[in-house]
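Here are some exercises to work through with the sequence and the model open side by side. Try each task before you read its solution.

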Amino acid sequence: MTTTNLRELATRENDGVEVSLYWNPAENSIYVLVSDEKTGDRFEIDVGSRSALDVFNHPFAYAPTLRAA
């Protein structure tokens, strides 16, 4: 995702985990960005046709699956 012209719609933080909801008007797409300060993990979820607020409120239910090496 390019960060140019993104509009932050909502953000929240709890126990070192920051969740932000962004709209990209150029692409008319919505993303949720999650950053865990404790582990250093970061990931992005393209909301697509899902409910943006549901993804924002429950990002780990939509998180990309990580495979163990």
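**Exercise 1: The surroundings of S29**

The side chain of S29 is in polar contact with the side chain of Y31, at 3.3 Å. A polar contact is a pair of N or O atoms within 3.5 Å; within protein, one must be able to donate a hydrogen and the other to accept it, and residues adjacent in sequence count only if both atoms are side-chain atoms. Before going on, note that this is a predicted model, in which local features need pLDDT of at least 70 and side-chain atom pairs count only at pLDDT 80 or more, while totals for chains, interfaces and linings use all residues. Residues are numbered from 1 along each chain as its sequence is written, and side-chain values use heavy atoms, with hydrogens and water left out.

Task: find the place of S29, decide whether S29 is buried or exposed, and look for a polar contact with E27.

Solution, step by step:
- S29 belongs to strand β3; strands (E, at least two residues) and helices (H or I, at least four) are DSSP runs, numbered from the N terminus.
- Its relative accessibility is 11%, so S29 counts as buried. Buried means under 20% relative accessible area, exposed over 50%, and partly exposed in between (1.4 Å probe, protein chains only).
- The side chains of S29 and E27 are joined by a polar contact of 3.3 Å.

**Exercise 2: The overall layout**

Task: state how many helices and strands there are, and in which pattern they follow along the sequence.

Solution, step by step:
- The protein has one helix and four strands.
- Along the sequence, the pattern reads β-β-β-β-α.
- As for burial, 28% of the 69 residues count as buried.

**Exercise 3: The salt bridge**

Task: find which residue forms a salt bridge with D15, and say which parts the pair ties together.

Solution, step by step:
- The structure holds one salt bridge, defined as a side-chain nitrogen of Lys or Arg within 4 Å of a carboxyl oxygen of Asp or Glu.
- D15 pairs with K38, and the closest N and O atoms are 2.8 Å apart.
- K38 lies in the loop between β3 (29-36) and β4 (42-46), and D15 in the loop between β1 (7-14) and β2, so the pair ties together parts that are 23 residues apart in sequence.
- Both partners, K38 and D15, are exposed; for D15 the relative accessible area is 57%.

**Exercise 4: Positive phi angles**

Task: check phi of D15 and of N28, and locate N28.

Solution, step by step:
- For D15, phi is near 55°, a positive value in a residue other than glycine.
- For N28, phi is near 50°, again positive in a residue other than glycine.
- N28 sits in the loop between β2 and β3, and its 61% relative accessibility makes N28 exposed.

**Exercise 5: Two residues in strands**

Task: compare the places and accessibility of N24 and I30, then find a backbone nitrogen by the side chain of N24.

Solution, step by step:
- N24 is part of strand β2 and is buried, at a relative accessible area of 1%.
- A polar atom of the N24 side chain lies 3.1 Å from the backbone nitrogen of A26.
- I30 is in strand β3 and is partly exposed, at 28%.
- I30 and L9 are 21 residues apart along the chain, and their C-alpha atoms are separated by 9.5 Å.
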